[in-house]
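Reader: Please take a close look at the ligand site of this model. Which residues surround the ligand, and how is the ligand held in contact with them?

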Amino acid sequence: MKILVVNGPNLNLLGQREPGIYGTDSMEACLASLRERYADDEIDYYQSNVEGFLIDRLQQTLTDGTQGVVLNAGAYTHTSVALHDALRSLHVPVIEVHLSNVHRREAFRHTSLLTAACLGVIAGFGLDSYRLGIEALKAQQA
Ligand code: DQA
């Protein structure tokens with residue numbers, strides 16, 4: 001499968017940012033382990049702190065052969081109608097993921113503008129949320 005993992009704002013700082021919430025491992029380490037585990041699959045990765053760049057990358061999946069997306073939109077999860085609209089225009093399943101269990105945190109994190117445009121949500125398992133997201137995509141394929 002050709003899978004795209006997308007991370008939104010501040011997730012470039014994983015491993016350094018609020019380690020009590022997000023852990024001390026980097027996204028690079030997570031990707032290396034995912035690529036080893038899913039050696040027969042292609043796992044592309046994109047991160048941006050800019051909402052429009054995330055939308056541009058997601059729109060590229062209309063033509064680049066991507067078969068599924070694992071998306072952690074970070075704080076844009078809770079604010080972005082533009083990302084919601086972008087997801088609705090895609091032709092592949094999208095799994096929303098979060099490292100933290102957003103429902104155990106501040107009330108402003110309890111609302112996602114993206115979930116309604118996604119196949120499902122995985123939250124609260126740290127970096128393992130990305131692996132679980134990939135498993136969800138692969139289960140759809142099978
Ligand atoms: C997050 C949760 C969001 O509320 C937050 O803004 C993030 C990370 C998570 O992975 O737990 O940046 O998406």
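Author: The ligand is surrounded by R17, Y22, N72, G74, A75, H78, H98, L99, S100, V102 and R109, where a residue counts as near if one of its heavy atoms lies within 4 Å of the molecule. This is a predicted model, in which local features need pLDDT of at least 70 and side-chain atom pairs count only at pLDDT 80 or more, while totals for chains, interfaces and linings use all residues. Residues are numbered from 1 along each chain as its sequence is written, and side-chain values use heavy atoms, with hydrogens and water left out.

By class, the shell around the ligand holds 4 nonpolar, 5 polar and 2 charged residues; here Ala, Val, Leu, Ile, Met, Phe, Trp, Tyr, Cys and Pro are nonpolar, Asp, Glu, Lys and Arg are charged, and the others, Gly among them, are polar.

Three side chains make polar contacts (pairs of N or O atoms within 3.5 Å) with the ligand. A polar side-chain atom of N72 lies 2.8 Å from a ligand oxygen atom. For R109, an N or O atom of the side chain is 2.9 Å from an oxygen atom of the ligand, and for R17 a polar side-chain atom lies 3.0 Å from a ligand oxygen. Of the 320 Å² that the ligand exposes when taken alone, the protein buries 99% (Shrake-Rupley method, 1.4 Å probe).

The ligand sits in the largest pocket, meaning that more than half of its atoms lie within 2 Å of the pocket's grid points. A pocket is an open set of points on a 1 Å grid over the protein atoms alone, with protein on both sides within 12 Å along at least five of seven lines.

How values were computed. A polar contact is a pair of N or O atoms within 3.5 Å; within protein, one must be able to donate a hydrogen and the other to accept it, and residues adjacent in sequence count only if both atoms are side-chain atoms. On a 1 Å grid over the protein atoms alone, a cavity is a set of points where a 1.4 Å probe fits but cannot get out, and a pocket is an open set with protein on both sides within 12 Å along at least five of seven lines; lining residues have an atom within 4 Å of a point.
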